[in-house]
Amino acid sequence: LHDHVRHDRRRQAEGRGRLGRCGALRFAIRIARSRRHAPNLVVPDAPPGRGGTVSSNPNFPTRPKARSKTRAVNYRPRLVLAGLSGGAGKTILSLGICRALAAAGLRVRPFKKGPDYIDAAWLGLAAGRDAANLDPFLLPPERIPSLFLEKSADCDISIIEGNRGIFDGMDVAGSCSSAALARTLSAPVVLILDATKMTRTA
């Protein structure tokens, strides 16, 4: 245990720490940084045949003209943080991630699912930018991508905090849930769970 703690502290001292262990977050940070220095570039791993012309670097094709809001959303680095239930730690982890990304020099736009203004205020303080609300219950489905594009226009990455459990919504199909919001935005999800007394289950 002492060796593990010492090893973990060494990783934190080197600037990686636990935050760097999240593959989705590392990928989003890499894309956000590349986008900041070259805003007309798409994801390096993007498959060929998406349109546009190839730049001098074959790994960075230029961005094709967006044909729909869905495609436009796909060019905005974003992450949804969701949990198995309320009280899972979504807010504290979202605050920490927003603050860490802002401290790394990235322009972070936080979002909060639902009409919650308390968590949104905390997220705004952590990111240094006002948070926006994305509410699939109060807003029509076509408005969600538009609002996301509007609010994330001048930012490197967006952090979207869900609410309740990831599939908790208005009905058994999970409508208006955090999962439904992530699906609307085609956003990767970081699932937060308490791994106490778990081994392979986690």
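A salt bridge is a side-chain nitrogen of Lys or Arg within 4 Å of a carboxyl oxygen of Asp or Glu. The model is predicted: local features need pLDDT of at least 70, side-chain atom pairs count only at pLDDT 80 or more, and totals for chains, interfaces and linings use all residues. Residues are numbered from 1 along each chain as its sequence is written, and side-chain values use heavy atoms, with hydrogens and water left out.

**Exercise 1. The salt-bridge network**

Task: Find which residues are linked with Arg-109 in a network of salt bridges, and place each one.

Solution.
Step 1. Start with the total: the structure holds 6 salt bridges.
Step 2. Take Arg-109. Its partner is Asp-154, with the closest N and O atoms 3.6 Å apart. Arg-109 lies in strand 2 (residues 108–113) and Asp-154 in the loop between helix 6 (143–151) and strand 4, so the pair ties together parts 45 residues apart in sequence. Helices (H or I, at least four residues) and strands (E, at least two) are DSSP runs, numbered from the N terminus.
Step 3. Now follow Asp-154. Its side chain also meets that of Arg-129 in a salt bridge, 3.4 Å from N to O. This pair links distant parts of the chain: Arg-129 sits in the loop between helix 5 and strand 3 (132–134), 25 residues from Asp-154.
Step 4. Join the two pairs. Arg-109, Arg-129 and Asp-154 form a network of salt bridges.
Step 5. Check accessibility. Buried means under 20% relative accessible area, exposed over 50%, and partly exposed in between (1.4 Å probe, protein chains only). Arg-109 has 12% and counts as buried. Asp-154 has 39% and counts as partly exposed. Arg-129 is partly exposed too, at 24%.

**Exercise 2. Helix 4 against helix 5**

Task: Describe how helix 4 and helix 5 cross, and what kinds of residues make the contact.

Solution.
Step 1. Get the geometry. The axes of helix 4 (residues 90–103) and helix 5 (residues 118–127) come within 7 Å and cross at roughly 25°. Axes are lines fitted to C-alpha atoms, for helices over the stretch in contact, and angles run from 0 to 180 degrees between N-to-C directions.
Step 2. Classify the angle. Helix 4 is therefore roughly parallel to helix 5. The classes are: under 35 degrees roughly parallel, over 145 roughly antiparallel, 65 to 115 roughly perpendicular, and the rest oblique.
Step 3. Give the hand. The crossing of helix 4 and helix 5 is right-handed: the near helix is turned clockwise from the far one by less than a right angle.
Step 4. List the contact (heavy atoms within 4.5 Å). Helix 4 supplies Thr-91, Ser-94, Leu-95, Cys-98, Arg-99 and Ala-102, while helix 5 supplies Asp-119, Trp-122, Leu-123, Leu-125, Ala-126 and Ala-127.
Step 5. Sort them. The contact has 8 nonpolar, 2 polar and 2 charged residues. Ala, Val, Leu, Ile, Met, Phe, Trp, Tyr, Cys and Pro count as nonpolar, Asp, Glu, Lys and Arg as charged, and the others, Gly among them, as polar.
Step 6. Follow Asp-119 further. Its side chain meets that of Lys-112 in a salt bridge (3.5 Å, N to O). Lys-112 and Asp-119 are both buried.

**Exercise 3. Ser-177**

Task: Decide whether Ser-177 is buried or exposed, and name its contacts beyond the sequence neighbours.

Solution.
Step 1. Locate Ser-177. This residue lies in the loop between strand 4 (157–165) and helix 7 (178–184).
Step 2. Read the area. Ser-177 is buried, at 1% relative accessible area.
Step 3. Leave aside neighbours within four places in sequence. Ser-177 is then in contact with Lys-113, Ile-166, Phe-167, Asp-168 and Gly-169.

**Exercise 4. Positive phi**

Task: State where Arg-164 and Lys-197 lie, and give their phi values.

Solution.
Step 1. Arg-164 is in strand 4. Its phi is near 55°, a positive value in a residue other than glycine. Arg-164 is exposed, at 58%.
Step 2. Lys-197 lies in the segment after strand 5. Its phi is near 60°, again positive in a residue other than glycine. Lys-197 is exposed, at 86%.

**Exercise 5. The whole chain**

Task: Summarise the chain's helices and strands and its buried share.

Solution.
Step 1. Count 7 helices and 5 strands.
Step 2. Read their order along the sequence: α-α-α-β-α-β-α-β-α-β-α-β.
Step 3. Take the buried share: 39% of the 202 residues.
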